[in-house]
Amino acid sequence: MSKYTFIPSPLEQFEIVTLLPISIAGVNLSLTNSSIFMILTFSLSLFWLSLSFYKGSLVPTSWQLTKESFYEVTANMLRENLGAKGELYFPFVFSLHLFLLFCNLIGMVPYSFTVTSHIIFTFSLALSIFIGVNIIGIQTHGIKFFSLFLPRGVPLIIVPLIITIELLSYTVKVFTLSIRLFANMTSGHTLLKIIAGFAWTMLSAGGLLAIFHVIPLGLLVALTGLELAIAALQAYVFTLLTCIYLNDVLDLH
């Protein structure tokens, strides 16, 4: 009788599951694993910040040094892309960077849930930022904001074509911003799951294969380190692009 080892689908980890069904006036307000982990991310972010507060000691703790380093990274990002005018938007940019970083890092914990691996979350976040950035641009420049879609010196005959191209390239920012984060997190977690399943299959087979399961296991450890770096990098890139898009509407060409 042959022995089979059941290996769950690597995409099973991305399934949204209802944990607490709630319906008010016909509106579905149920708590899912996705919403629970977003609340957990927010709570852990606040808890981490509370650990970094000075508490009657002149000597900074390791938590304080970590927070100050993170603060400096975000502040330099904003300063390099927006200059002095970026100070007004620092609270939002800092909160965005911190929230995405914790979302990605919490997703690396086994049996947890990666919120940023769902396109609905990343697209909603990117769309909200896109709308907010355009509101800021219109409030700052008024009707002149729409000159963003018409470069100077363009011949009149190709103005409709240029406006169409500029409008499409401007709108596609929402998709590139959301898909980049979603695709990187989904592909990385899927790869880790596949390699982990491969190592478990070799170990379960016994014999010589069980000995060589350390090869995919070692690869898994290396890729986990790489995925941790990617988690931090993708949070940084998303925040950096937000700063760049904000600078585009504040400094019209």
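Analyst: A salt bridge is a side-chain nitrogen of Lys or Arg within 4 Å of a carboxyl oxygen of Asp or Glu. The model discussed here is predicted.

User: How far apart are N and O in the salt bridge of K173 and D248?
Analyst: Opposite charges on side chains can pair when the charged atoms come close. The cut-off is 4 Å from nitrogen to carboxyl oxygen, so a shorter gap qualifies. For K173 and D248 the N to O distance is 3.3 Å.

User: Which parts does the pair of K173 and D248 tie together?
Analyst: The two residues are 75 apart in sequence. K173 belongs to one helix and D248 to another, so the salt bridge ties together helix α6 and helix α8.

User: Is K173 buried or exposed?
Analyst: Under 20% relative accessible area means buried. K173 has 17% relative accessibility. Its partner D248, at 26%, is partly exposed. K173 falls below the cut-off, so K173 counts as buried.

User: How many salt bridges does a search of the whole structure find?
Analyst: One joins K173 and D248. Another joins D251 and K85, with the closest N and O atoms 3.1 Å apart. Over the whole structure the search finds 2.

User: How many residues apart are D251 and K85?
Analyst: D251 sits in the segment after α8. K85 sits in the loop between α2 and α3. The salt bridge links distant parts of the chain, and the separation is 166 residues.

User: What is the relative accessible area of K85?
Analyst: Partly exposed runs between the 20% and 50% cut-offs. D251 is in that class, at 42%. K85 is also partly exposed, with a value of 35%.

User: Which residues line the largest cavity?
Analyst: The structure holds 1 cavity of 30 Å³ or more. About 50 Å³ of space lies in the largest cavity. K173 and D248, which form a salt bridge, both belong to its lining. The full lining is I129, F130, V133, Y170, K173, Y245 and D248.

User: Which element gives the most to the lining of the largest cavity?
Analyst: By class, this lining has 5 nonpolar, no polar and 2 charged residues. Two elements give two or more residues, α4 (119-141) and α8. The top contributor, with 3 residues, is α4.

User: What volume does the largest pocket have?
Analyst: A probe the size of a water molecule, rolled over the atoms, shows where empty space is left. The lining of the largest pocket counts 24 residues. Q13, P110, Y111, K193 and A196 are the closest to the centre. The volume is about 810 Å³.

User: Which helix gives the most to the lining of the largest pocket?
Analyst: The lining has 13 nonpolar, 8 polar and 3 charged residues. Both α6 (173-205) and α8 (214-250) supply at least two of the lining residues. The largest contribution, 6 residues, comes from α6.

User: What is the phi of Y111?
Analyst: Y111 lies in the loop between α3 and α4. At 87% relative accessibility, Y111 is exposed. Most residues other than glycine have a negative phi. Y111 has a positive value, near 65°.

User: Which helix gives the largest share of the lining of the second largest pocket?
Analyst: This pocket has a volume of about 150 Å³. Its lining includes Y71, A75, L78 and R79. The classes are 5 nonpolar, 2 polar and 2 charged. The largest share, 4 residues, comes from helix α2.

User: How much accessible area does the nonpolar patch on the surface have?
Analyst: The patch is formed by V17, L19, L20, I36 and I39. Two or more of these residues come from each of β1 (18-20) and α1 (33-51). Together they have about 410 Å².

User: Is L19 buried or exposed?
Analyst: L19 is in strand β1. Its relative accessible area is 51%. The cut-off is over 50%, so L19 is exposed.

User: What distance separates the C-alpha atoms of L40 and L241?
Analyst: L40 is in helix α1. At 34% relative accessibility, L40 is partly exposed. L40 and L241 are 201 residues apart along the chain, and their C-alpha atoms are separated by 26 Å.

Terms used:
Residues are numbered from 1 along each chain as its sequence is written. This is a predicted model: local features need pLDDT of at least 70, side-chain atom pairs count only at pLDDT 80 or more; totals for chains, interfaces and linings use all residues. Side-chain values use heavy atoms; hydrogens and water are left out. On a 1 Å grid over the protein atoms alone, a cavity is a set of points where a 1.4 Å probe fits but cannot get out, and a pocket is an open set with protein on both sides within 12 Å along at least five of seven lines; lining residues have an atom within 4 Å of a point. Grid points are joined across faces, edges and corners, and a volume is the space filled by probe spheres set on the points. Ala, Val, Leu, Ile, Met, Phe, Trp, Tyr, Cys and Pro count as nonpolar, Asp, Glu, Lys and Arg as charged, and the others, Gly among them, as polar. Patches are made of residues with over 30% relative accessible area and no salt bridge: like charges are joined within 9 Å, nonpolar side chains (Val, Leu, Ile, Met, Phe, Trp, Tyr) within 5 Å. Accessible areas come from the Shrake-Rupley method with a 1.4 Å probe; for residues, only the protein chains shown count as cover. Buried means under 20% relative accessible area, exposed over 50%, partly exposed in between (1.4 Å probe, protein chains only).
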